[in-house]
Amino acid sequence: MLELVSLEVATFHQLALRHWAYAFNWTERAWPTETKETANNKLEQLREELTDGFNQLSSAEPKLILLGDETGRKLLREYGENILCYKTDLILARAISLEKMESYKGDLEMRRTEFFGELSRVYKTL
């Protein structure tokens, strides 16, 4: 069951990084080869994928509860909330700074590392 949780979170993380990278590159370079409409369409597609990916996180949480891993559940929830904050800021601000985006990515990576550290700890006890 822990392997499935790990896979669900890792898959979601890849979606989040793909969204972040596209938004960051668009903000940083304002790719002249892409129209604003094309970029908005791509961001919308990635946003939909990210929203669908939240189902994977939602699926992982009850598994952690069943295993009695409250710390892992809490870390997973914090990880997901970090993505929601980033996504909300990006959509509402529409002009989020590169520094703020880099901060979100660093926080996302840190929370992922903490979560997988906890998952590893639990895995070793089984």
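Start at the lining of the largest cavity, which has six nonpolar, one polar and one charged residues. Here Ala, Val, Leu, Ile, Met, Phe, Trp, Tyr, Cys and Pro count as nonpolar, Asp, Glu, Lys and Arg as charged, and the others, Gly among them, as polar.

This is a predicted model: local features need pLDDT of at least 70, side-chain atom pairs count only at pLDDT 80 or more, and totals for chains, interfaces and linings use all residues. Residues are numbered from 1 along each chain as its sequence is written, and side-chain values use heavy atoms, with hydrogens and water left out.

**Stop 1: the cavity**

Select Ala16, Trp20, Asn82, Ile83, Tyr86, Tyr104, Lys105 and Leu108. These residues line the largest cavity. About 50 Å³ of space lies inside. The structure holds one cavity of 30 Å³ or more. Now colour by helix: α1, α3 and α4 each supply at least two residues of this lining.

A word on terms. On a 1 Å grid over the protein atoms alone, a cavity is a set of points where a 1.4 Å probe fits but cannot get out. A pocket is an open set with protein on both sides within 12 Å along at least five of seven lines. Lining residues have an atom within 4 Å of a point. Grid points are joined across faces, edges and corners, and a volume is the space filled by probe spheres set on the points.

**Stop 2: the whole chain**

Zoom out. The protein has four helices and zero strands, in the order α-α-α-α along the sequence. Helices (H or I, at least four residues) and strands (E, at least two) are DSSP runs, numbered from the N terminus. The C-alpha atoms fill a box of roughly 55 × 25 × 20 Å, taken along the principal axes. Of the 126 residues, 39% are buried. Buried means under 20% relative accessible area, exposed over 50%, and partly exposed in between (1.4 Å probe, protein chains only).

**Stop 3: the second largest pocket**

Select Phe54, Leu57, Ser58, Glu61, Arg73, Leu76, Arg77, Gly80, Glu81 and Leu84. They line the second largest pocket, which holds about 170 Å³ of space. Which helix gives the most to this lining? It is α3, with six residues. Both α2 (36-66) and α3 (70-93) supply at least two. By class, the lining has four nonpolar, two polar and four charged residues.

**Stop 4: salt bridges**

The structure holds ten salt bridges. A salt bridge is a side-chain nitrogen of Lys or Arg within 4 Å of a carboxyl oxygen of Asp or Glu.

Select lysine 63 and glutamate 8. Their side chains meet in a salt bridge (3.0 Å, N to O). The pair links distant parts of the chain: lysine 63 is in helix α2, glutamate 8 in helix α1, 55 residues apart. Are these two residues buried or exposed? Both lysine 63 and glutamate 8 are buried.

Keep glutamate 8 and add asparagine 55, which sits in helix α2. Their C-alpha atoms are 9.2 Å apart, with their positions 47 residues apart along the chain. Asparagine 55 counts as exposed, at 53% relative accessibility.

Move to glutamate 70 and arginine 73. Their closest N and O atoms are 2.6 Å apart, in a salt bridge. The two are three residues apart in helix α3, so about one helical turn separates them. Glutamate 70 is partly exposed at 46% relative accessibility, whereas arginine 73 is buried, with a relative accessible area of 17%. Add Glu61 and Arg77 to the selection: Glu61, Glu70, Arg73 and Arg77 are linked in a network of salt bridges.

Next, select arginine 111 and glutamate 78. They form a salt bridge, with the closest N and O atoms 3.6 Å apart. This pair also links distant parts of the chain: arginine 111 is in helix α4 (residues 98-125), glutamate 78 in helix α3, 33 residues apart. Arginine 111 is partly exposed, at 21% relative accessible area. Glutamate 78 is partly exposed too, at 24%.

**Stop 5: a surface patch**

Finish with Met1, Leu66 and Leu67. They make a nonpolar surface patch of about 310 Å². Patches are made of residues with over 30% relative accessible area and no salt bridge: like charges are joined within 9 Å, nonpolar side chains (Val, Leu, Ile, Met, Phe, Trp, Tyr) within 5 Å. Accessible areas come from the Shrake-Rupley method with a 1.4 Å probe; for residues, only the protein chains shown count as cover. Methionine 1 lies in the segment before α1 (2-29). It is partly exposed, with a relative accessible area of 47%.
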